[in-house]
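Me: Please take a close look at one part of this predicted model, the place where the two chains meet, and walk me through it slowly.

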Amino acid sequence: MSTATVVRFTSAGALAGARAVLPILPGTVAFGLVYGLLAGEKGLSAVQVAFTSALVFAGAAQLLALELWRDPVPLLAVASTVLIVNLRHLMMGPALLPWLQGLPPTHAYGSLFFMADESWAVSVAELRRGGRDAAFLFGAGSCLWLVWIAAGLAGRLAGDISTAVDAGGLRYLTVAFFVALLAGLWRGRGDLLPWLLAGGVAILAHSSLPGTWHIVLGALAGSLAGAARERHGHG
Amino acid sequence: MATDNLLAILAMAAVTYATRAGGFWLAGRLRPTPLLAAWLGQLPGAVFAALVAPMVVAAGPAGWAAAAAGFALMRWTGRFVLAMLGGLAAYVGLAPLLGP
């Protein structure tokens, strides 16, 4: 899109991004500990756990891949499962277009490596607030990335900590984080219909489709309906 | 086993990065039209809603009430950390009453 906005990429922006994900870090630590623990039970070494978390950096996909992990590793099944779980990313990248398009390709494609649910969410909120420092995504993502690797490694090296991190409150932390961010995106009554449609389709599809197809379908339904109404209904 | 694991990890990494970069790559190559602009404007909220709704549903009655509380708190105060902690506190408080 030809939104002629000047985009910066500064260390101050990266720092602001890292600060934005601080509230969610306890959840990331808990998730990482569980991942490391389960990976150990599946026979992955500490080096392999750290290597996976560093290169893949996708919690849900990594956990699901573990479910399929056996000797020999079913490569095709693992790769296609990971692909299905991560399909939602395809819908998330375009939402950051105003930032990414203003960057040199190396910065844009480098930053995209660090686009996880949480770093994407705080970045979209920052973009909506009028933030023009695209290093925000990199800062938020790399902060999560470091904590994710460290927590996974700690879980692999620690003993049985599954009961310690299974506290109900901690599990709800992620939900509370995303709900508060979603509320921050609210622009007015016009958002109600697309959001209800997106959420409704996602809930219905969630029970019958694998991976994150429900997010892709819900997002498509809500955004296309909203865009069509914007173009035809309200002009 | 070791090479096996390494190959699988590399495949997972490649596939994941392709999804991260693919959406941006594709969207940047589409011809800019008013409908595309409208769609991109609607996309963040819709992705969010689709991501959050099943999570909230799965959290049970206490989770539903806590999500409503967190959402309302964010709308009224505009303070993110307050809304997040308020939602979390509502869940912890309500879970014993409504069931998790």
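Reply: Across the interface of chain B and chain A, 16 residue pairs are found in polar contact, counting pairs in which both residues have a pLDDT of 80 or more, whereas the count of salt bridges between chain B and chain A is zero. On the side of chain B that touches chain A, the elements that give two or more residues are α1 (2-29), α2 (34-58), α3 (60-77) and α4 (80-98) of chain B. Sorted by class, that side of chain B has 51 nonpolar, 13 polar and three charged residues.

Turning to the extent of the interface, 67 residues of chain B are in contact with 81 residues of chain A, and the area buried between the two chains is about 6,600 Å², of which carbon and sulfur atoms give 78%. Within the area that chain B buries against chain A, B:Arg20, B:Phe24 and B:Phe48 supply 13%, which is more than any other three residues.

Chain A also has an interface of its own, since it is divided into domain 1 (11-185) and domain 2 (188-235). Here eight residues of domain 1 of chain A are in contact with ten residues of domain 2 of chain A, and the area buried between these domains is about 730 Å², with carbon and sulfur atoms giving 82% of it. Across this interface between the domains of chain A, zero salt bridges are found, but three residue pairs are in polar contact, both residues being at pLDDT 80 or more.

How values were computed: Residues are numbered from 1 along each chain as its sequence is written. Chains are lettered from A and ligands numbered from 1 in the order in which they are written. This is a predicted model: local features need pLDDT of at least 70, side-chain atom pairs count only at pLDDT 80 or more; totals for chains, interfaces and linings use all residues. Side-chain values use heavy atoms; hydrogens and water are left out. Domain bounds come from an automatic or database domain assignment. Contact means heavy atoms within 4.5 Å. Buried area is the accessible area (1.4 Å probe) that two parts lose on being put together, summed over both. A salt bridge is a side-chain nitrogen of Lys or Arg within 4 Å of a carboxyl oxygen of Asp or Glu. A polar contact is a pair of N or O atoms within 3.5 Å; within protein, one must be able to donate a hydrogen and the other to accept it, and residues adjacent in sequence count only if both atoms are side-chain atoms. Helices (H or I, at least four residues) and strands (E, at least two) are DSSP runs, numbered from the N terminus. Ala, Val, Leu, Ile, Met, Phe, Trp, Tyr, Cys and Pro count as nonpolar, Asp, Glu, Lys and Arg as charged, and the others, Gly among them, as polar.
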